[in-house]
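These are my notes from going through one chain of the model. I began with a helix and its cover, then moved on to rings, single residues and loops.

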Amino acid sequence: MPNEKLSLIEVHGDRAVGIRGDSSEKALSLFARDAESFQTRAYLIGSSIGMSAVTGAAAAYDEGTIGFRFANSSNEGFDARGILATDGQYDPISVMSCLELG
Amino acid sequence: MADSQTFDAAIKALKMMRKVRRLSGLIFVNEGVLLHAESKFTEEQEASFVREVNALIALYRNSDKQLSRSILGFDGGNVLLYNCVPFWLALFFDDKATAETVQRNAQDFFSKWADPLGIDPSFGTSLPKLSLDGLSEVEPASNESPTSELAESAAATTAPIRPASSAAIQAALADQSDAESIPASDLAAESRAPSQTESEVSAQEETPTGPAPGSDQPTRSMDGNAQETWNSFRSQVEGLFSKVLGRAQASRIIDRELKALGIASDGFLNESQFRPFGQKLVGRVKDRMTKKQLETELVDIVNRHIGS
């Protein structure tokens, strides 16, 4: 029985693929939409202080948490890895740790 | 409502926190307006940073969500962000490994100042830690070709969440002088794919998920543009270091560093790693003047390759 509230997702090119937890299309497209706008904002924040490459980011908001990080190298076999939780707020630092470990 | 004396005292506490805890900087904002900043950035950069964080907070607020905490990682440092309405606090730190310590200090600050500043006292406590233990694996339908089966069973076509070029983003957001006044739907459309036309965006909204059944469109993996970007970056870094070493020696040093990172000989780094990788190479140079010169040129090379 999949966990309906938590998804570990990998992005390969233009596809988001569920790796663990909820891998429904609804979860994947919600992640894709939210992560896209979040990373665009993160990019602009970084650019404003001369750091134009985002390595990753996580955010806790009402009833949810989202996080992503880009692959460090080709060895990792994905372009980005993400987490979407819809059951509440989690510590963003722990989200980033989970993204490192997978 | 906090008065100016309370603000002054809170700022004093933040200054102390920065001094003691070796933060690389902090920015404290009240109702979208800069209250206090201590950082290595210029005033202009600080103002721009405040504007962009306000826009991030507005992005969530316009979607009927309230951003509470966030961590942002960049190639040159990290930011821990607390949106404790009507304030927000950004803490800058260099080493990812110190994030927990920075967080503890922020929580100490909030537990002491929540009441005087009139903010939610929950900012003085930790959020639950996320764990993936026990989270079910998505099982491939067949053992013979797990990757393709997995992709077919659980894949959604998305706008890739790779940083778009700064030019594309700036162009898309050119009219957005104040994100707070923009409806959430517009923001979402803009930030989903800054270079797309309206019709492309609406088409995507209608069919937000999944390729057509049976279609197996090739993925744009890191093997394409990323490989080319890396090759170009590597070549220019080799050129840079050939000013102080032989070209062959510069190439060998790059190979050695890659090997130390566990990167295969035909592998490459993602652009977010260009700056730290270059800095590691520059760190090998002993002479301070030469090092400084190389650092300056390295930043130019990195900036030319990021978002290209």
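**Helix α9(B).** I looked up what covers the buried residues of α9(B), and the cover includes α8 and α10 of chain B. This is a predicted model, so I read local features with that in mind. The buried residues of α9(B) are B:Ala250, B:Ser251, B:Ile253, B:Ile254, B:Glu257 and B:Leu258. Viewed down the helix axis they fall within an arc of 160°, so they line one face of α9(B). An α-helix has 3.6 residues a turn, so residues three or four places apart point the same way. On the other side of α9(B), I found B:Lys259 and B:Ala260 exposed.

I also checked the length of α9(B). Its 14 residues should span 20 Å at 1.5 Å a residue, and the end C-alpha atoms are 20 Å apart, which agrees. After α9(B) comes B:Gly262, with a positive phi near 80°.

**Helix α10(B).** Which residues of α10(B) are buried? I noted B:Phe274, B:Arg275, B:Phe277, B:Gly278, B:Leu281 and B:Val282. Down the axis of α10(B) these buried residues stay within an arc of 165°, so they too line one face of the helix. Their cover includes α8, α9 (247-260) and α11 of chain B.

**B:His305.** I went next to helix α11 (residues 288-305) of chain B, where B:His305 sits. Is B:His305 buried or exposed? Its relative accessible area is 5%, and buried means under 20%, so B:His305 is buried. The side chain of B:His305 reaches the backbone nitrogen of B:Phe233 at 3.3 Å. Leaving out residues up to four places away in sequence, B:His305 touches B:Thr229, B:Ser232, B:Phe233, B:Gln236, B:Glu271 and B:Phe274. B:Phe274 is also one of the buried residues of α10(B).

**Aromatic pairs.** I counted ring pairs next, and the total over all chains is 18. One of them is B:Phe109 with B:Phe110, an edge-to-face pair with 5.5 Å between centres and 70° between planes. B:Phe109 is buried at 5% relative accessible area, and B:Phe110 is buried at 1%.

I then took B:Trp230 and B:Phe277. Their ring centres are 5.8 Å apart and their planes are at 65°, so this pair is edge-to-face. The pair links distant parts of the chain: B:Trp230 is in helix α8 (residues 225-241) and B:Phe277 in helix α10 (residues 274-282) of chain B, 47 residues apart. Both B:Trp230 and B:Phe277 are buried.

Which residues do ring pairs link into a cluster? The cluster holds B:Phe7, B:Phe28, B:Tyr82, B:Phe87, B:Phe109, B:Phe110, B:Trp113 and B:Phe123.

**B:Tyr82.** From that cluster I picked B:Tyr82, which lies in strand β4 (residues 77-82) of chain B. B:Tyr82 is buried, with a relative accessible area of 1%. Apart from neighbours within four places in sequence, I list its contacts as B:Ser68, B:Arg69, B:Phe87, B:Trp88, B:Leu89, B:Leu91, B:Gln103, B:Ala106, B:Phe110 and B:Phe123. I also took one long separation: the C-alpha atoms of B:Tyr82 and B:Glu297 are 35 Å apart, with their positions 215 residues apart along the chain.

**Loops and backbone.** The peptide bond from B:Val85 to B:Pro86 is cis, with omega near 5°. B:Pro86 lies in the loop between β4 and β5 (87-93) of chain B.

I noted two positive phi values in residues other than glycine. B:Glu31 has phi near 50° and lies in the loop between β1 (25-30) and β2 (33-38) of chain B. B:Glu31 is exposed, at 56% relative accessibility. B:Asp64 has phi near 60° and lies in the loop between α2 (43-61) and β3 (67-74) of chain B. B:Asp64 is exposed, at 72% relative accessible area.

**Chain totals.** I closed with chain B as a whole, which has eleven helices and six strands. Of its 308 residues, 44% count as buried. Among contacts between residues at least 6 apart in sequence, 54% join residues at least 24 apart. Chain B exposes about 16,200 Å², of which carbon and sulfur atoms supply 49%.

Key: Residues are numbered from 1 along each chain as its sequence is written. Chains are lettered from A and ligands numbered from 1 in the order in which they are written. Side-chain values use heavy atoms; hydrogens and water are left out. Helices (H or I, at least four residues) and strands (E, at least two) are DSSP runs, numbered from the N terminus. Buried means under 20% relative accessible area, exposed over 50%, partly exposed in between (1.4 Å probe, protein chains only). A polar contact is a pair of N or O atoms within 3.5 Å; within protein, one must be able to donate a hydrogen and the other to accept it, and residues adjacent in sequence count only if both atoms are side-chain atoms. Contact means heavy atoms within 4.5 Å. Rings of Phe, Tyr and Trp (its six-membered ring) pair if their centres lie within 6.5 Å; planes under 30 degrees apart count as stacked, over 60 as edge-to-face and the rest as tilted. The arc is that of the directions from the helix axis to the C-beta atoms. The expected span of a helix is 1.5 Å times one less than its number of residues. Accessible areas come from the Shrake-Rupley method with a 1.4 Å probe; for residues, only the protein chains shown count as cover.
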